[in-house]
Amino acid sequence: MWIKNVKLEKGFYKEQGLITSTITELVDLYIEDGKIVKIEKSGKAEGKALDAKGYLALPTLKDNHVHLDKGHFGGPWKAVIPMNSVAERIQEEEEFLEDFLEDTPKKAQALIDLITGFGATYLQVQVNIDPVIGLENYHLVREVLENNRHKLDFDMVAFPQHGNLKTYEEGFLVEALKEGIEILGGLDPGKIDKDIEKSLKVSFDLAKKYNRPLDFHLHSPGSLGIYEIERIFKYIENYNMKGRVSISHGLSLGDISFHEGQKMARKFKEYGISINTTQPLERPALPFMLYINEGVQVNVVNDNINDHWSPFGTGDIIEKLNTACQIHDFNDEYSISRTLKAATGGITPLDDQGNQIWPKIGDSADILFVKGESSAHVIARRIPERVVLFKGEFVKGEFEN
């Protein structure tokens, strides 16, 4: 099919050496077999064509860390019950997990509809693997995800919320890996497992044996969190797992100086570690563009949306970028536009020099059409009018005048 009157970013406009706006032009796209096979100047579309009405084309979004289980979204509203520690919150969770199973499929579907409706076509889904319900959340959520293959791709992470060592010792992590879960998660080896070396060794041993990448959830602040990260560097080296590890949250990375952060970012690049960050408001957020500028893949993510940990979250990664821009004082066309990398797996229409690099002929037809003027405009104004194309098929929205 032809899609006509599509707005593409073509470069940056400068005034007195400063980037002040983004240059765009209208094109017609021809989509075939889920690929972009022609990109022509506007007016070249042949025969019947769908009119995009000047909507801006952007890469679709990727949410690299989201929980679809254990939540309230999709059911009755509920705020959190005050607790004093992570351990208390985990104990609270242990008491309701079995009761939540019946509604897990309905709630997971509600969250998928919410997140994909904003333009996400890839989800990396955290799912509890724990001694209370074993693999039941994994089975329920995977079935829901498989039923949504028409509008998303996904991977699942075995998340040992109640402790890596405890879950491993009861056999559930091995069982999940044998069943084919794509990624092995880990959790706070110091604060939760209280044995950093033993916890990390279990994780890396399993990852090596079952050939899985690792995703460590690190919430420890300050020196403890930095020490955990430094030990992960060493394990990556010893197990030859460069490029196979991600760190989620990494709250301690928001606690160090710019100079220390720059050195840390270069180590992340050296070891091929990616970062998933929610850009929290309640504490110092890691300077994610510092890491991106050093060549690290950073993903701004949803994490949890209205569950027993937090009543907040909209499901919109663009809104997360908007918040991140405000946290770090990114308010000009160029700096706002660069943050899009953290929502798309690193893909942007323009490179840092303003050369057009997306879309190209042969690219997958995964396109988020937005009624906006530029990437920066879409992020700053959180433009709501969106149409989602996934592998050449429209899965959400309609073009409006």
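Here are some worked exercises on the predicted model shown above.

**Exercise 1: the parallel sheet**

Find the order of the 8 strands in the open sheet, and say which strands lie at its edges.

*Solution.* Start with the order, which is 6-7-8-9-10-11-12-13, with parallel pairing. Next, look for strands that pair on one side only: these are strand 6 (61–67) and strand 13 (298–300), the edge strands. As for the twist, neighbouring strands of this sheet are turned by 20° against each other on average, direction ignored.

Now zoom in on two of the pairs. Strand 7 (residues 120–128) pairs with strand 8 in the parallel sense, over 7 bridges. One residue to look for here is N128, whose bridge partner in strand 8 is F159. Further along, strand 11 (residues 245–249) and strand 12 (residues 274–277) run parallel and are joined by 3 bridges. In that pair, I247 stands opposite I275 of strand 12. It helps to remember that strands of a sheet pair through backbone hydrogen bonds, either parallel or antiparallel.

Finally, go back to strand 8. Because 5 of its 7 residues are buried, strand 8 is largely enclosed by the rest of the structure.

**Exercise 2: two helices that cross**

Describe how helix 2 (residues 104–117) packs with helix 3 (residues 136–146).

*Solution.* Take the geometry as your opening step: the two helices pack at an angle of about 45°, and their axes are 9 Å apart. Helix 2 is therefore oblique to helix 3. Then add the handedness: the crossing of helix 2 and helix 3 is right-handed.

Now list the residues that touch. Helix 2 contributes T104, P105, A108, Q109 and I112, while helix 3 contributes N137, L140, V141, V144 and L145. Sorted by class, this contact has 7 nonpolar, 3 polar and no charged residues.

**Exercise 3: what covers helix 5**

Name the buried residues of helix 5 (residues 172–179), then find elements that cover them.

*Solution.* Begin inside the helix: F172, L173, V174, A176 and L177 are its buried residues. Look next at their surroundings. The cover includes strand 8 (153–159), helix 4 (164–169), strand 9 (183–187) and helix 6 (196–210). Then step just past the end of helix 5, where G180 takes a positive phi of about 105°.

**Exercise 4: strand 15 and its partners**

Is strand 15 (residues 386–390) mostly covered or mostly open, and which strands pair with it?

*Solution.* Count the buried residues: 5 of its 5 are buried, which leaves strand 15 mostly covered. Check each face in turn. R386, V388 and F390 are buried on one side, and V387 and L389 are buried on the other.

For the partners, take strand 14 (residues 367–370), which runs antiparallel to strand 15 and is joined to it by 4 bridges. Within this pair, V370 has R386 of strand 15 as its bridge partner. Strand 16 (residues 393–396) also pairs with strand 15 in the antiparallel sense, over 3 bridges, and here E393 of strand 16 is the bridge partner of F390. Strands 15 and 16 form a hairpin with 2 residues between them, and K391 in the turn has a positive phi of about 50°.

**Exercise 5: buried, partly exposed or exposed?**

Sort L8, K53, Q279 and P384 into these classes.

*Solution.* Use the cut-offs: under 20% relative accessible area is buried, over 50% is exposed, and partly exposed lies in between.

- L8, in strand 1 (residues 2–15), has 2% relative accessibility, so it is buried.
- K53, in the loop between strand 4 (49–51) and strand 5 (56–59), has 36%, so it is partly exposed.
- Q279, in the loop between strand 12 and helix 9 (288–293), has 2%, so it is buried.
- P384, in the loop between helix 12 (375–381) and strand 15, has 62%, so it is exposed.

**Exercise 6: backbone surprises**

Which peptide bond is cis with omega near -5°, and what is the phi of K53 and of Q279?

*Solution.* Keep the usual pattern in mind: most residues other than glycine have a negative phi, and most peptide bonds are trans. The cis bond runs from W358 to P359. P359 sits in the loop between helix 11 (333–338) and strand 14. Turning to phi, the value for K53 is positive, about 55°, and phi of Q279 is also positive, near 55°.

Definitions and conventions
Residues numbered from 1 in each chain as written. Predicted model: local features only at pLDDT ≥ 70, side-chain atom pairs only at ≥ 80, totals over all residues. Heavy atoms only, no water. Axes fitted to C-alpha atoms, helices over the stretch in contact; angles between N-to-C directions. Parallel < 35°, antiparallel > 145°, perpendicular 65-115°, else oblique. Left-handed = near helix turned anticlockwise from the far one by under 90°. Contact = heavy atoms within 4.5 Å. Nonpolar A, V, L, I, M, F, W, Y, C, P; charged D, E, K, R; others polar. Buried < 20%, exposed > 50% of the residue type's maximum accessible area, 1.4 Å probe, protein only. Pairing = 2+ DSSP bridges.
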